[in-house]
Amino acid sequence: MHFRFFLYLFFFAAAKAVLAEDAIWDCEKTSESGEWECVTEKPAATRVVTPPPVQAKPVPPVSEQRPIDKLPEQPVDNGIESAEAPEIKTLPPESFSEETEGVASTDVDQPDQELADEKSVVSQSEPVAEEKAKPEKPVIVNYAGAKPKATPPTVAANDQKGWNCDVKDGNDNWNCKLSGTDPRGKPRVMEDSDPRFTLLTPTFDHEQEQTFDILQSRLSYDPWATCTTKLGMPPDFKSSKDLREQTPMEVNADYSEIFDNEVTGFFGNVDVARADQRLTADTVHYDTVSQIMDAQGHSFYSEDELSLYSETMMLKLGSDEARLRNAMFISPSTPIRGSAKAVYRDSKYFSRFTDVAFTSCAPGNQDWVMHASNLKLNKETGEGSAKNAWLEFKGVPFLYTPYISFPIDNRRKSGFLSPNLSLNDRNGYDVSAPYYFNIAPDYDATFRPRYISKRGMMIGGDARYLSRISQSELSLDVLTTDALRDDETRFQGAFRNNVTFLPNLVSTIDANYVSDDDYIDDMGNTINFNNTRFLRSHGDVRYNLPGVSFFSQLESYQTIDKTILPEQEPYRRLPQTRLDLDHSFDFMPLDVAMGSEFVYFQHDEIVEGARFNVKPSVSMPLATAGTFLTPKFSLQHTQYSLNNQAIGKSDSISRTLPILSLDSGVIMERDLNLGQSAYTHTLEPRLFYLYIPNTDQDDIPIFDSAEYDFNFNSMFRENRFSGEDRVQDANQITTALTSRLIDAKTGREQLKLSVGEIFYFQDRRVDIPTSEALRNQSIAGAQVQAPQPLDTSLSNLVTEFNAQLTDHLKLITALQWDHYQNDITRSEVALRYNNRTDQIVNLGYRYRQNLLEQTDVSIRWPIVDNWYVVGRWQYSMLFNSTVESFAGFEKESCCWRFRIIGRRYINAINDVTVAEQAYTGESQTGVFVQLELKGLSSFGTSLDTFFEKNIYGYRKPD
């Protein structure tokens, strides 16, 4: 009854629309043949219309109309979640609007669950119980231009709304014309891009690439817009996925049919939309009993996390099953795009694909493509597997494997990691192929076999353990027989542990050991070589609260530089304990603090012992908007208890020194207009007075003290020595002046000039002994000559000048002038050009009197088609030799990155012979290659950290 009533409404609305539109047809049903006879107002325009198939007999369910059992029973995924079958309701005749000229709307209950929420995948359909779902939410259905026909009306190609394109005569360019309005822009002629050279036939042909463009346009954001492979949506994108259950489903079609109140068919330009979901196809059928939706003919489905195309889609909403034929997809959160001959979605978590190919390159780019005859994805276990998988890069077969398994989320899985390959003149070919073991959720291991062509086979590995409060890692590498060292066994071991007992209480252990002094130079990765002279091992405990800081550690060093004498090796701290307190009062400008430390310095060759130091202080910071004045008083007491002290020196030494300082300054500003730009000009004079009485400290050994590098900022220190073994004597005042030019709009500092000098009111007598004196400080009977007093009354004149010449060009200079030598003792000039990260040029020059004169040039510059030249050259003008250099090329695109460099450097660079005007280190050469396929894997040695350290301004691409 309902079905007949709906048909009556349908044809009533259609006839009424035709009459309202043309008012020329008059139709009635003949009694003999049952056909409709329509006559116009013009006698010659009489025609007979065949009754629609709906009236002849009901249409069978979708699963019987278009079976898809001819698809190969192989793999893929669709991502359409289950939904309850909507029950269609008819509306009374009054609901049809005469003003829409035949456009009617019918409310249909919306499925309870989401139409689609994940990637579409294929699966074989199975019988479903014919049970109708209860109606809950409305679905708005619009069908326009309804006429009593069994087939959808045809429209001439040149009358279709939107873009209509054909090929120009005599060339290969597209001639596109716009019919109607274009929401995306103005009419334009689009040219085909020239095909790229490739040895193999492109995986995706021109028509498929056009389909990918359509899939990309249906997404709410462009996944390749920022040229990144970071997972997830853009941080500023707001998804409407959560609105699916509250949003009614809207269906637009040329016309629709309902059979037995169970099967709904939509024909011609079908468009289904709900929240972020959208499905368009030529024909869509939905069976409310079996809950099967069948979309045929150029079917496009899209949502925030998926966009796909298929010739046919069969979606079994009740059981989350699906099948797709000749599917193409884009997963924007990865981002990855690809195609498959067939996609089978067996459940919400398991999908199978047949003849699949995918890449992370943007549409129009097929630089690398991964192929597989069969692919399985299991979202429940987080694992995927592929058979007959092979990789092509730039149209060339690159890698093949008959079987591979891999993780598809952040869950760990056993398997091979990316191999590493390098070449240098010390080791020859160096190849490593790590294998990862996922043993348990809280611990795992990595086995690292490594082959060094000139030395032999090395076996290594790592083991990690994770508990609720701690992280531990054990590493071991063993070369049983080194062919270059008389088959010597060489090894290295390391243990690291971090424990968080409380949010403010943590401990760290970092222990390292190598078998010999040359191990790191020989076996270390020379690309990360950092001139290590000592191997540090330590364990510490830290506790921090506002105003309280506690630190205690055990620290030891293994010397791996053969040029260092035993008496020059650093002290072991067994232990070192620090407690620092500070407090500021809210009701008055008063700050109090106290620093305390106890250390036992242990050494096998020279004097050793315990040191206790305490330093309370009080300061009164007074400040206004443009001035500041900070008087400060400290009292430092140090006590020593020594062993192996030199003859004639006491084993117990104490030292107590008052320290008085006064820091003051003024900040003056004015507005300044230069041309069309507004600036803020500042003038900042500063005075810093320091007084510390002289105390004889010649008998105190040097455990951890050294003189700070002298520069503009160090002139405002209370002590020019690090550590606590030396406290300078001072009666001096530092005068300094800083002037800045600040852009009033942006706040950028365009110019900065700083000039400063220290005036000494008395000779300075406290200094650190020479290296020779330190070497003999504990030898019995040895006399250590006391350092001579520094009788200068003026320090070097220090100037620093920085200028932001343009938005991308910056000049940095520093110079120190010695009044007594009437000469420059130190200088530095650097010119840095940085146009984002694409164009980087750094030119530098450093000079230290009688010690260093060196130029430094580094560059990253585009040459052609996203190819960059990278390099650095450090040259010693003092020794007329290259300190370090590397040069190479880098290719950067949105889907892959390639780097190759050659590096030449001097090992043990700190060892110089000034008399011979040369470095004593050994020169080494290496070649390093890295290929990274974004979204897949990386091969070779990672160069990101190396470039960041050696090319100022370089940043690792996202």
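Which residue lies over the face of Tyr708? Arg717 does, at 3.8 Å from the ring centre. The legends below introduce this predicted model, view by view.

**View 1. The whole chain is built with 7 helices and 52 strands.**
The protein has 958 residues, and 42% of them count as buried. Its accessible surface comes to about 50000 Å². Carbon and sulfur atoms own 54% of that surface. Among contacts with a separation of 6 or more, 55% join residues 24 or more positions apart.

**View 2. Strand 21 and strand 22 form a hairpin.**
Strand 21 covers residues 420-424, and strand 22 covers residues 428-432. Between the two strands sit 3 residues. The pairing is antiparallel and runs over 5 bridges. To find one of these bridges, start at Leu421: its partner in strand 22 is Val431.

**View 3. Strand 21 also pairs with strand 51.**
Strand 51 spans residues 923-933, far along the numbering from its partner at residues 420-424. This pairing, too, is antiparallel, with 3 bridges. Here Leu423 is the residue to look for: its bridge partner in strand 51 is Val927. Strand 21 thus appears in both views, paired with strand 22 and with strand 51. In a regular strand, side chains alternate between the two faces of the sheet.

**View 4. Phe300 and Tyr309 make a tilted aromatic pair.**
The protein holds 26 aromatic pairs. In this one, the ring centres lie 4.7 Å apart. The planes meet at 45°. Are these two residues buried or exposed? Both Phe300 and Tyr309 are buried.

**View 5. Phe712 and Phe716 meet edge-to-face.**
Centre to centre, the rings are 5.8 Å apart. The angle between their planes is 70°. Phe712 is buried, and Phe716 is buried as well.

**View 6. Four aromatic residues join in a cluster.**
The members are Phe393, Phe398, Trp896 and Phe939. Ring pairs provide the links between them.

**View 7. Arg717 sits over the ring of Tyr708.**
This view returns to the opening question. Look at the face of the Tyr708 ring: Arg717 lies over it, 3.8 Å from the ring centre.

**View 8. Arg832 sits over the ring of Tyr952.**
Again an arginine lies over the face of a tyrosine. The distance from Arg832 to the ring centre of Tyr952 is 3.8 Å.

Methods
Residues numbered from 1 in each chain as written. Predicted model: local features only at pLDDT ≥ 70, side-chain atom pairs only at ≥ 80, totals over all residues. Heavy atoms only, no water. Helix = DSSP H or I, 4+ residues; strand = E, 2+ residues; numbered from the N terminus. Buried < 20%, exposed > 50% of the residue type's maximum accessible area, 1.4 Å probe, protein only. Contact = heavy atoms within 4.5 Å. Areas by Shrake-Rupley, 256 points an atom, 1.4 Å probe, with all protein chains shown as cover. Pairing = 2+ DSSP bridges. Phe/Tyr/Trp six-rings, centres within 6.5 Å; stacked < 30°, edge-to-face > 60°. Lys NZ or Arg CZ within 6 Å of the ring centre and 35° of its normal.
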